[in-house]
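Please open the structure in a viewer and keep the selection tool at hand. The tour below proceeds from one selection to the next.

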Amino acid sequence: MIDKGKKNVLGILVNAVNYEAAVSKIIAAASAGKPMSVSALAVHGVMTGVLDSTHRYRINHIDLVLPDGQPVRWALNWLYHTELPDRVCGPNAMLQICERAAEEGLPIYLYGSQACVLEALSRNLCQRFPNLIIAGTQPSKFRHVSAQEKQEIAQQIRNSGAAITFVGLGCPRQEVWAYEYRDDLSMPLIAVGAAYDFHAGNLAKSPEFLSKIGLEWLFRMIKEPKRLWQRYVFLNPLYIWLFLLQALKIKQFDPTDATPPVEEVLYG
């Protein structure tokens, strides 16, 4: 088990953990009924915080930020000698969490995406983990909600009896959701993004050899060029440039240099 705490990558605090430590932390919080916000950030997720000081504040107040994406793991290893053997990929972590939840009788809740995706996802997860309890599902409203609607959403999740909630709204909306709902729900809230579509069978996952060498982004861009090309063409080189500035101590990135949100965004 590797858990070396939070480390500063371009001003974003990322937990230097492996799968075992991450899953154990989440299951422990779920068993104890303790609030915990969780996200798995690859380069794009890190850069959303780098480029937006308010979102940087939110990310740096998320309890557990997993190093999803090899470039994020490489940064942790090169800057801090954390010796992480692998990234902690959100979709893979979701499966490991579901496996442990099934073993320990911890019901899960699936929030976000579309009803058809949630139906396929639920079916596939239960086929894979027959003892898994899915306490409830709720598709995204694909809009901002009111403060009253937020409380209704939280109450629905509480009433379900869930011990863990997965959130699939896409980055950065799901990180905002996990940050804003954390204190309303006494359980881990885990932002997992594309994991819903992967496990529902709607998206093909990158071959493992591409993921190992940090080229999963290329596979995804080829699959969804219109949606993803700007994300990768602009943000990946910028990430590398800023990482070099940090590694060479040319520029300091202060995680506390962030702007607290004035009001809630209320993504639904």
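Over the ring of which residue does the charged end of Lys150 sit? Select Lys150 together with Tyr181: the charged end of the lysine lies over the tyrosine ring, 5.2 Å from the ring centre. A second arrangement of this kind is found at Lys251, whose charged end sits over the ring of Phe253, 5.2 Å from its centre. Please bear in mind throughout that the model is predicted.

**Helix H1 and the nonpolar core**

Next, select residues 19–32, which form helix H1. With 14 residues at 1.5 Å a residue, H1 should span 20 Å, and its end C-alpha atoms are indeed 20 Å apart. Colour the buried residues of this helix: Tyr19, Ala21, Ala22, Val23, Ile26, Ile27, Ala29 and Ala30. Just after H1, Gly33 adopts a positive phi of about 65°.

Now display the largest nonpolar core, which has 41 residues; Met94, Leu125 and Phe166 touch the most other members. Among the elements that give two or more residues to this core are H1, strand E3 (36–41), helix H5 (90–104), helix H6 (115–128) and strand E7 (164–168). H1 supplies the largest share, eight residues. Centre the view on Leu125 and show its neighbours: leaving aside residues up to four places away in sequence, Leu125 touches Met94, Leu95, Cys98, Ile108, Leu110 and Leu132. Apart from this core lies another, of 24 residues, which includes Ala16, Leu41, Ile59 and Leu245.

**Helix H5**

Move to H5, a helix of 15 residues that reaches 21 Å from its first C-alpha to its last, close to the 21 Å expected. Its buried residues are Gly90, Pro91, Ala93, Met94, Leu95, Ile97, Cys98, Ala101 and Ala102. In the same helix, select Glu104 and Arg100, which form a salt bridge with their closest N and O atoms 3.1 Å apart. The two residues are four places apart in H5 and are therefore separated by about one helical turn. Glu104 is partly exposed, at 39% relative accessible area, and Arg100 is also partly exposed, at 25%. After H5 comes Gly105, with a positive phi near 70°.

**Further salt bridges**

The structure has eight salt bridges in total. Select Arg87 and Asp68, whose side chains meet in one of them (3.2 Å, N to O). Arg87 belongs to the loop between H4 and H5 and Asp68 to the loop between E4 and H4, so the pair links distant parts of the chain, 19 residues apart. Is Arg87 buried or exposed? At 4% relative accessibility, Arg87 counts as buried; Asp68, at 10%, is buried as well.

Then select Asp63, Arg182 and Asp183, which are linked in a network of salt bridges. Within this network, the side chains of Arg182 and Asp183 meet at 2.8 Å, N to O. Arg182 is partly exposed, at 22% relative accessibility, whereas Asp183 is exposed, at 67%.

**Aromatic pairs**

Finally, turn to the aromatic rings, which form four pairs in this structure. For Trp78 and Phe243, the ring centres are 5.8 Å apart and the planes stand at 45°, so the pair is tilted. Because Trp78 lies in helix H4 (residues 70–80) and Phe243 in helix H12 (residues 225–247), the pair ties together parts that are 165 residues apart in sequence. Trp78 counts as exposed, at 57% relative accessibility, while Phe243 counts as buried, at 11%. Add Trp74 to the selection to complete the view: ring pairs link Trp74, Trp78 and Phe243 into a cluster.

Terms used: Residues are numbered from 1 along each chain as its sequence is written. This is a predicted model: local features need pLDDT of at least 70, side-chain atom pairs count only at pLDDT 80 or more; totals for chains, interfaces and linings use all residues. Side-chain values use heavy atoms; hydrogens and water are left out. The expected span of a helix is 1.5 Å times one less than its number of residues. Buried means under 20% relative accessible area, exposed over 50%, partly exposed in between (1.4 Å probe, protein chains only). A nonpolar core is a set of buried Ala, Val, Leu, Ile, Met, Phe, Trp, Tyr and Cys residues joined through side-chain atoms within 4.5 Å. Contact means heavy atoms within 4.5 Å. Rings of Phe, Tyr and Trp (its six-membered ring) pair if their centres lie within 6.5 Å; planes under 30 degrees apart count as stacked, over 60 as edge-to-face and the rest as tilted. A charge sits over a ring if NZ of Lys or CZ of Arg is within 6 Å of the ring centre and within 35 degrees of the ring normal. A salt bridge is a side-chain nitrogen of Lys or Arg within 4 Å of a carboxyl oxygen of Asp or Glu.
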